[in-house]
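Visitor: I'd like to learn how to read helix packing and pockets in a model. Could you walk me through it?

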Amino acid sequence: MNNKHDILIFLSDQHRGDFIHYAGNPVIRTPNLDRIAADGTVFTSAYSPCPLCVPARTSLLSGQLAMHTEVYTNHGAIRSDNATFLHSLGAEGYETVLCGRMHFEGPDQRHGFSKRIFGDLLQLYPGQEDAYNELKYYRPTISENGCSKIYGGGDHSPTLDYDRLVINAALDYLNEEHEKPQCIVVGVYAPHFPFVGPTDLYEYYLDILEKNDKKDPVFDYDLGILNPRQQIYERSQVLRMRAAYYAMVENLDMQIGKVKKAFDEYEKRRGASGIFIYTSDHGESLGDRNMYAKKTLFDNAARVPLVINGDGIKKGQIVSSPVSIMDIGPTLCDMENCMKAPDLDAYSLKDELENGNNPSRVVFSECMEKKGEQFVPGIMVRKGDYKLIWYYDHEDEMLLFNLKDDKKETHNLISVEPDILEDLMSEAKRIWNPEHIIKIHENRLAHIQILMKWGKSVHPVETERWHIPASSLAMPEKV
């Protein structure tokens with residue numbers, strides 16, 4: 001087993017791809033991610049397969065799009081007889097370790113992890129309300145409709161305190177010696193709202209944002225089915241929520257630095273060199289187009305950071321062709337000579353890691369909207385510089401962007417690029433069956449309705465959940 005790389009995957013929650021200094025953001029301070037990126041390969045067009053927590057994580061582990069996992073909401077799970085890339089690594093002798101957040105629902109809290117060294121933050125079973133009740137007045141703040149209820153600078157919040165404990169557990173584990181090769185997934189909740197960042201960082205960013213406030217980009221199209229998702233706040237509120245998000249990202253960067261240092265020291269003690277990966281499950285709209293949270297196919301919600309660093313990985317390489325975070329599993333299986341699960345929608349990044357850009361790659365992301373009582377599947381197709389957003393039965397609202405010239409996605413090119421539109425629509429039609437997706441989604445929701453009623457009735461014991469103390473519910477010191 002000595003020839004196996006140790007692997008550490010640091011997985012954050014809701015970190016948008018343009019809130020990193022190395023990605024061109026002049027305001028954010030991310031020195032640790034900058035160093036890790038400079039010493040590894042950066043994927044600047046990495047996408048969430050479904051910009052919502054549970055569907056994204058289900059796809060990340062299984063290597064399958066939501067149309068095949070059948071998980072489009074935060075209620076659902078990988079079937080226990082489906083292999084994940086963690087099963088593949090475990091079959092080759094790896095200890096697969098989960099430290100912190102993964103957002104599994106149901107009695108299977110492993111899905112290929114051989115052990116868990118710190119629990120999750122929210123509910124472990126559908127219908128289980130204890131975690132939400134423990135949040136008390138913070139409960140509304142973990143959704144887009146309530147994210148403005150509490151925001152500002154403070155040293156405590158459910159997110160900040162949970163992540164401190166997750167990081168401490170990871171550091172303790174890396175300070176121990178382990179016989180087997182390790183695949184460790186460190187899952188934190190930041191920079192997911194509530195929008196509360198450490199006070200000193202919050203004040204630093206708020207000062208910058210207020211002194212350099214610029215109008216948000218103006219887009220030349222109607223949001224169509226997404227119009228009801230818009231929320232209008234006073235500009236001062238928007239800047240404060242953004243300052244808190246900036247502060248949370250910098251705090252996250254500090255934690256990534258601590259874990260990377262401990263991982264490097266662990267490898268040094270072993271006389272080895274491992275693989276370190278940083279990514280997030282999805283992004284955050286943060287007031288762009290007057291929307292907040294995730295669950296849209298715009299880049300602020302769908303595009304995420306992805307950095308691979310370590311033994312055999314090219315240093316200073318930038319890959320701009322599109323990829324998916326689902327590709328992490330097949331890539332690790334290739335690197336460690338493991339069996340891959342069948343019927344994958346994901347691809348190994350071995351070629352990109354060795355040769356750079358892959359101009360033929362097409363990447364998809366999915367979501368599910370609702371208009372009245374009707375479910376409306378949406379799909380994103382990214383190919384080269386172009387990106388299509390298409391909601392079923394809303395063809396008159398389709399959006400086409402050239403991301404090379406229009407990074408903020410402000411100009412809809414549907415009427416001026418008919419050949420590109422036809423090409424990307426044909427790519428979508430090759431894999432997408434929205435009528436079937438609606439049927440399987442409705443069927444899945446019927447199952448979930450029963451499971452939620454069961455969870456409320458049976459009230460299963462959640463032994464692997466962090467119980468939120470009153471001290472974590474402190475209000476921000478600075479607003």
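Guide: We'll go through some helix pairs and then a pocket, bearing in mind that this is a predicted model.

Visitor: Let's begin with helices. At what angle do H7 and H8 cross?

Guide: Look at the two axes and ask how they are turned. Here helix H7 (residues 199-211) and helix H8 (residues 235-270) have axes that come within 8 Å and cross at roughly 130°. That angle is why H7 counts as oblique to H8. As for handedness, the H7 and H8 crossing is right-handed.

Visitor: And which residues of H7 and H8 make the contact?

Guide: On the H7 side, you'll find Leu201, Tyr202, Tyr205, Leu206, Leu209 and Glu210. H8 brings a list that includes Leu239, Arg240, Ala243, Tyr246, Ala247 and Met254. Sorted by class, the contact of H7 with H8 comes to eleven nonpolar, one polar and four charged residues.

Visitor: H8 seems worth following. How does H6 pack with H8, roughly parallel or oblique?

Guide: Go back to the angle. Helix H6 (residues 158-174) packs on H8 at about 10°, the axes being 9 Å apart. Angles under 35 degrees count as roughly parallel, so H6 and H8 are roughly parallel to each other. Among the residues in contact are Leu160, Ile167, Leu171 and Leu174 of H6, along with Val259, Ala262, Phe263 and Tyr266 of H8. The H6 with H8 contact divides into nine nonpolar, three polar and four charged residues.

Visitor: What about H1: at what angle does H1 pack with H8?

Guide: For helix H1 (residues 31-38) and H8 the angle is about 50°, with the axes 7 Å apart. H1 and H8 are therefore oblique to each other. Pro31, Asn32, Leu33 and Ile36 of H1 touch Asp253, Met254, Ile256, Gly257 and Lys260 of H8. By class, that contact holds five nonpolar, two polar and two charged residues.

Visitor: Now for pockets. How do I read one?

Guide: Rolling a probe the size of a water molecule over the atoms shows where empty space is left. In this model, take the second largest pocket, with a volume of about 890 Å³. It is lined by 38 residues, and the closest to its centre are Leu52, Thr73, Asn74, His75 and Lys295.

Visitor: Which element gives the most to the lining of the second largest pocket?

Guide: That's H13, with five residues. The elements giving two or more residues to this lining are strand E14 (362-371) and helix H13 (434-458). Sort the lining by class and you get 15 nonpolar, 14 polar and nine charged residues.

Notes. Residues numbered from 1 in each chain as written. Predicted model: local features only at pLDDT ≥ 70, side-chain atom pairs only at ≥ 80, totals over all residues. Heavy atoms only, no water. 1 Å grid on protein atoms, 1.4 Å probe; cavity = no way out; pocket = protein on both sides within 12 Å on 5 of 7 lines; lining within 4 Å. Points joined across faces, edges and corners; volume = space filled by probe spheres on them. Helix = DSSP H or I, 4+ residues; strand = E, 2+ residues; numbered from the N terminus. Nonpolar A, V, L, I, M, F, W, Y, C, P; charged D, E, K, R; others polar. Axes fitted to C-alpha atoms, helices over the stretch in contact; angles between N-to-C directions. Parallel < 35°, antiparallel > 145°, perpendicular 65-115°, else oblique. Left-handed = near helix turned anticlockwise from the far one by under 90°. Contact = heavy atoms within 4.5 Å.
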